[in-house]
Amino acid sequence: MLRAYLLVYPFLCLYVLLGTVLFVPLTWITRDIRAIYSVARTGVRLGLWLSGVKVKLVHPEYAFEHPSCVYVSNHVSNLDAPALFMVLPRVAFLLKQELERIPLLGYVMGLGGFIYVHRKDRNSRRMAQQEAVARLREGISVIIFPEGTRSRDGELLPFRPGPFTIAIEAQTPIVPVTVHGSRQLMPKGKPTVAPGEIALVFHPPVPTEGLGPEARGNLMKRIRQTMEDAL
């Protein structure tokens with residue numbers, strides 16, 4: 001606990017402040033987010049290292065098999081997103097609207113192409129889906145937690161259909177991901193991080209080419225079964 005409050009959180013706050021001051025203006029001028037994206041990934045890597053968290057990849061070949069895809073992952077901890085962000089190439093997360101209000105960081109994530117969605121607003125959900133499809137057609141992968149929120153006990157919560165609608169509309173494959181170990185290090189409701197290891201298990205991509213909206217239900221069941229079996 002002391003490590004988080006005395007070392008990790010002060011470091012991350014200072015890193016975000018300096019990164020924003022130095023690299024946001026550069027991004028405005030160059031209209032290229034690669035520099036600030038690289039700085040963000042380095043900050044996440046250092047933050048996890050300072051926390052004593054190691055990230056292990058299982059079957060990473062599945063993660064990089066396609067130029068762009070929809071990654072769908074279980075969600076049990078605030079460590080899930082940083083761990084995925086650190087190891088994957090250029091990606092866009094679908095994030096709840098509330099995260100946009102985080103000082104500096106909320107703006108930087110939006111600048112980096114992350115997509116905010118108001119989960120209870122149908123129009124916001126539809127606009128977010130359209131943005132996600134546009135990212136995929138640009139060759140940028142998208143990461144979505146289909147449960148919509150973190151699970152307290154590690155059991156999969158009901159899936160929302162949005163990720164599967166997006167994948168079918170963009171005709172891009174879905175790569176299921178199961179995160180193991182993060183709930184023990186930072187369970188929902190706990191503000192500090194315990195040292196340990198997170199395993200990111202990537203499963204074989206599921207194609208959506210040729211599928212229409214009527215296939216969404218079966219696709220969602222297939223992906224969920226894969227994740228349940230792995231967990």
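**Exercise 1. Arg135 and its partner**

Work out whether Arg135 is buried or exposed, and find which residue forms a salt bridge with Arg135.

*Solution.* Keep in mind that this is a predicted model.
- Step 1: Arg135 has a relative accessible area of 15%. Buried means under 20%, so Arg135 is buried.
- Step 2: Now look for a carboxylate. Glu131 makes the salt bridge with Arg135, and their closest N and O atoms are 3.6 Å apart.
- Step 3: Check where the two sit. Both belong to helix α5, and being four residues apart puts about one helical turn between Glu131 and Arg135.
- Step 4: Glu131, with a relative accessible area of 33%, is partly exposed.

**Exercise 2. More salt bridges**

How many salt bridges does a search of the whole structure find? Describe two besides the one you've just seen.

*Solution.*
- Step 1: The search turns up four. As background, side chains of opposite charge can pair when their charged atoms come close.
- Step 2: Take Glu228 and Arg224, whose closest N and O atoms are 3.1 Å apart in their salt bridge. This pair lies in helix α8, with four residues, or about one turn of the helix, between them. Glu228 is partly exposed at 35% relative accessibility.
- Step 3: Next, go to Asp32 and Arg34, which meet through their side chains at 2.7 Å, N to O. Arg34 is exposed, with a relative accessible area of 64%, while Asp32 is partly exposed at 26%.

**Exercise 3. Laying out the sheet**

Write down the strand order of the open sheet, then say which strands stand at the edges.

*Solution.*
- Step 1: There are seven strands, ordered β1-β7-β6-β2-β5-β3-β4, and the pairing is mixed.
- Step 2: β1 (53-58) and β4 each have a single partner strand, so each is an edge strand with one side lacking a neighbour in the sheet.
- Step 3: From one strand to the next, the twist averages 25°.
- Step 4: Zoom in on β3 and β5. They run parallel and are joined by three bridges; Ala92 has Val142 of β5 as its bridge partner.

**Exercise 4. A residue in an edge strand**

Which residues does Ile115 contact, once neighbours within four places in sequence are set aside?

*Solution.*
- Step 1: Place Ile115 in strand β4, residues 115-117.
- Step 2: Ile115 is buried, at 0% relative accessibility.
- Step 3: The contacts are Phe93, Leu94, Leu95, Ala128, Glu131, Ala132 and Arg135. You'll recognise Glu131 and Arg135 as the salt-bridge pair from helix α5.
- Step 4: For a distance check, try Val142: the C-alpha atoms of Ile115 and Val142 are 9.4 Å apart, with their positions 27 residues apart along the chain.

**Exercise 5. An enclosed helix**

Why is helix α6 (residues 162-170) largely enclosed by the rest of the structure?

*Solution.*
- Step 1: Count the buried residues. Eight of nine in α6 are buried, so the rest of the structure largely encloses this helix. They are Gly162, Pro163, Phe164, Thr165, Ile166, Ala167, Ile168 and Ala170.
- Step 2: See what they pack against. The list is β2 (70-73), β3 (91-96), α5 (122-137), β5 (141-144), β6 (174-180) and α8 (216-230).
- Step 3: Finish at the helix's end, where Gln171 follows α6 with a positive phi, near 55°.

**Exercise 6. A quick one**

How many residues apart in sequence are Val8 and Gly47?

*Solution.*
- Step 1: They're 39 residues apart, yet 6.1 Å separates them in space, C-alpha to C-alpha.
- Step 2: Val8 belongs to helix α1 (residues 2-30) and is buried, with a relative accessible area of 4%.

Key: Residues numbered from 1 in each chain as written. Predicted model: local features only at pLDDT ≥ 70, side-chain atom pairs only at ≥ 80, totals over all residues. Heavy atoms only, no water. Buried < 20%, exposed > 50% of the residue type's maximum accessible area, 1.4 Å probe, protein only. Helix = DSSP H or I, 4+ residues; strand = E, 2+ residues; numbered from the N terminus. Contact = heavy atoms within 4.5 Å. Pairing = 2+ DSSP bridges. Axes fitted to C-alpha atoms, helices over the stretch in contact; angles between N-to-C directions.
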